[in-house]
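These are my notes on a structure I looked through element by element. I record below what I looked up and what I found.

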Amino acid sequence: MWLRRQGCLRPAGCGVEELRRRRREREAALRKARREQQLISKRLLRDDAPEEGEGGCVAVILGQAEIQQFLQLAQRGTEEKERGRALVSLRRGLQHPETQQTFIWLEGSMRTLVGLLTSNQALLQLEAARCLHELSHSEQSAVAEACLPATSYLLTYLSGHSSDFIELCLYTLGNLIVESEAVRRQLLPQGIVPALAACVQSPHVTVLEALGYALSQLLQAKEAPEKIIPSVLGSTLPQHMLQLLQPGPKLNFGVAVEFAWCLHYITCSQVNNALLITHGALSTLGLLLLDLAGAVQRTEDAGLELLACPVLRCLSNLLTEAAVGAVGEQMQLRDERVVAALFILLQFFLQKQPSLLPEGLWLLNNLTANSPSFCTSLLSLDLIEPLLQLLPVSNVVSVLVLTVLCNVAEKGPAYCQHLWPGPLLCSLLGTLAFSDTEVVGQSLELLQLLFLYRPEAAQAFLQQSGLQALERHEKEAQLQDRVHALQQTALHR
Amino acid sequence: MQLPPAVHARLAGGPGAAEPLPVERSPKAGAAPFRFTARQVRFPREHEFFEDGDVQRHLYLQDVLTQVAGAPERPRVPEFTCQVAGCCQVFDALEDYEHHYHTLHRNVCSFCKRAFPSGHLLDIHILEWHDSLFQILSERQNMYQCLVEGCTEKFKTSKDRKDHLVRRHLYPADFRFDKPKKNMSPATPRATVQVSAEALGAEGEQVEGDAMEVCSEPAGERHTAGRRKLWSISRTL
């Protein structure tokens, strides 16, 4: 259930170092794109098996005449197989941006392709759809937008039954959706949301993964909170999405990843999270989190962070809804195992994906802030020390760890009794030596709470040269008031 | 980061919440110059907090090209013929057969043999083309339903419906699955090759022909995909 599809297509002659370099480049490009709010990625479904001794699939540049020739052969050839092969040749050419440009500017070409897409010959339909898919993957807007005449048919075919074909249509739609608002302005009135809602009942895992992809692209759109998410929430999609995220023998990793991201785009838009809560989102996602932790324990962890990330985000955002208090007991998130699972995941992140530690700690904050029960769990499961071990990772992580500790400490003496004696004080003396103002500031807040509810700790603090640690920050504008207050408190014990 | 064994044991245990320790706050906590209050935090969509996770997500999407080879090379099987009576198509891969079957034989009108991409469109077709009660009723009420799933509008005429499809749903004016009814006997089959040549004009222009036709079949046994009727009047060939 947790094994992902392992593919075998790699660019020929690529060593590991080269792959790493390319990955770093792509990562940098993606970061830049995100900062400019232009994050677009398309998914290409290519299942070319190299044919008859060909070394690899090299995209061929086709000229106008060749394109016309292939199209005519596809339309009027006498044998279906021959017509299909013409389209295969066209598709190979369309893998190249130059051919794509030539194609879209050639009069009647799209019309012919759409004609083949809707023909009564199954093989031609499939090959025409593959050509369209290549075009949809283009990075050039003009090429993708040239596919617009086909969208009503792609949507119509979603109610069909041929799973391979539907999968192809969905990935094509997903690529087109993300292209521009103009495309979405056509797809929405054409009924893409009801079409997807009908299609989500398919039993085919490949179709579901493709559908999740297309939907995630739709939900990621800039105008989604106003124009798309309300109708998605009004459809049967939310219930089905949550069903597909339920742990159990039927859970498919690829499908779950896509729908978890869909759910994230919905929840972080804050349109109507209360509705999701009434559908049981919190308990479903909580159980999924437990399942993820279980998979980590069994070291079936390939790519788990791809699913863990959106699940953490959804839980964190959903917990902030006022509606949480209003629903029944079983709809809320009170299970202590969630804390255990979260720490198992934090340990996993520390090794595999440290950039996800802040997200995990964000959830921990939202779990503990208003919950004496979860704070008690942290203490009874002995999780304070593991938490402290995360302090050196980064300033962001340190601030979050200290915030969670403050959540525990502010609940009063019964809680602080478990915080000291213990390793906490020593760690705080360490964080006071950090140069980051926010880290130090949060350390000061925690010290205040500790001294307030556990006066003996102040004594120990003095004995361990705490005053000197404080002195370093006496001149710092943002810290000095609190530093002085603490110095007074410590000295007057 | 080392976790105490109790954590793993707890995960394996049953559901339950910890009995909370008593809460007892002092008004001095968080009082000026201190400012801490325990509170939940939410991040909106575009917040930079999400940057790392988003980038990983998109690397994954882009990676799929190098990870997923699609279906493994299609297993070839000994050649077999489509089992539908009168269909002569031959296959050597199951996936090709699946698509052929669903395209040509699955949603077939038992009266005129036209094939449709979905059950929904087939139902509408039977109603509008082969049901005489429909014609009678449509004189008094709006019977032509919108083709788009999820739209409940109905119209007096097929033309009104087309206008709605174009204006409201931005469908192409020559949408191939919305042909107005022709005056022809539904029992006349039409040869595939002939239709293809007619349907595609000189420059690849689509002529108003019937897009979905099935293979011509010998007279006699006809394959019926058996759609249920919405009205109790049935039409026999």
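In which loop of chain A is S465(A) found? I began here, keeping in mind that the model is predicted. I located S465(A) in the loop between α29 (455-463) and α30 (466-471) of chain A.

**Entry: backbone angles in chain A.** I looked up phi for S465(A) and found a value near 60°, which is positive in a residue other than glycine. I then checked accessibility: S465(A) is at 37% relative accessibility. S465(A) counts as partly exposed because this value lies between the cut-offs of 20% and 50%.

I turned next to D382(A), which is not a glycine and yet has a positive phi of about 60°. I placed D382(A) in the loop between α23 (372-380) and α24 (384-388) of chain A. Is D382(A) buried or exposed? I noted a relative accessibility of 52% for D382(A). The cut-off for exposed is over 50%, so D382(A) counts as exposed.

**Entry: cis peptide bonds.** Which residue does a cis peptide bond join to P33(B)? I found A32(B) as the partner, with omega about 0°. I traced P33(B) to the loop between α1 (5-12) and α2 (51-67) of chain B.

In chain A, I recorded that the peptide bond from W420(A) to P421(A) is cis, and that its omega is near 0°. P421(A) lies in a loop as well, and I located that loop between α26 (413-416) and α27 (424-431) of chain A.

**Entry: domains of chain A.** I consulted the domain assignment, which gives domain 1 as 61-190 and domain 2 as 219-322. How many Å separate the centres of domain 1 of chain A and domain 2 of chain A? I noted 33 Å, with the centres taken over C-alpha atoms.

**Entry: chain B as a whole.** I listed seven helices and four strands for chain B. Reading from the N terminus, I wrote down the order of the elements as α-α-β-β-α-α-α-β-β-α-α.

I then looked up burial and found that 42% of the 237 residues of chain B count as buried. For the accessible surface of chain B, I recorded about 12,800 Å², with 53% belonging to carbon and sulfur atoms. I closed with the contacts in chain B between residues at least 6 apart in sequence: 38% of these join residues at least 24 apart.

Key
Residues are numbered from 1 along each chain as its sequence is written. Chains are lettered from A and ligands numbered from 1 in the order in which they are written. This is a predicted model: local features need pLDDT of at least 70, side-chain atom pairs count only at pLDDT 80 or more; totals for chains, interfaces and linings use all residues. Side-chain values use heavy atoms; hydrogens and water are left out. Domain bounds come from an automatic or database domain assignment. Helices (H or I, at least four residues) and strands (E, at least two) are DSSP runs, numbered from the N terminus. Buried means under 20% relative accessible area, exposed over 50%, partly exposed in between (1.4 Å probe, protein chains only). Contact means heavy atoms within 4.5 Å. Accessible areas come from the Shrake-Rupley method with a 1.4 Å probe; for residues, only the protein chains shown count as cover.
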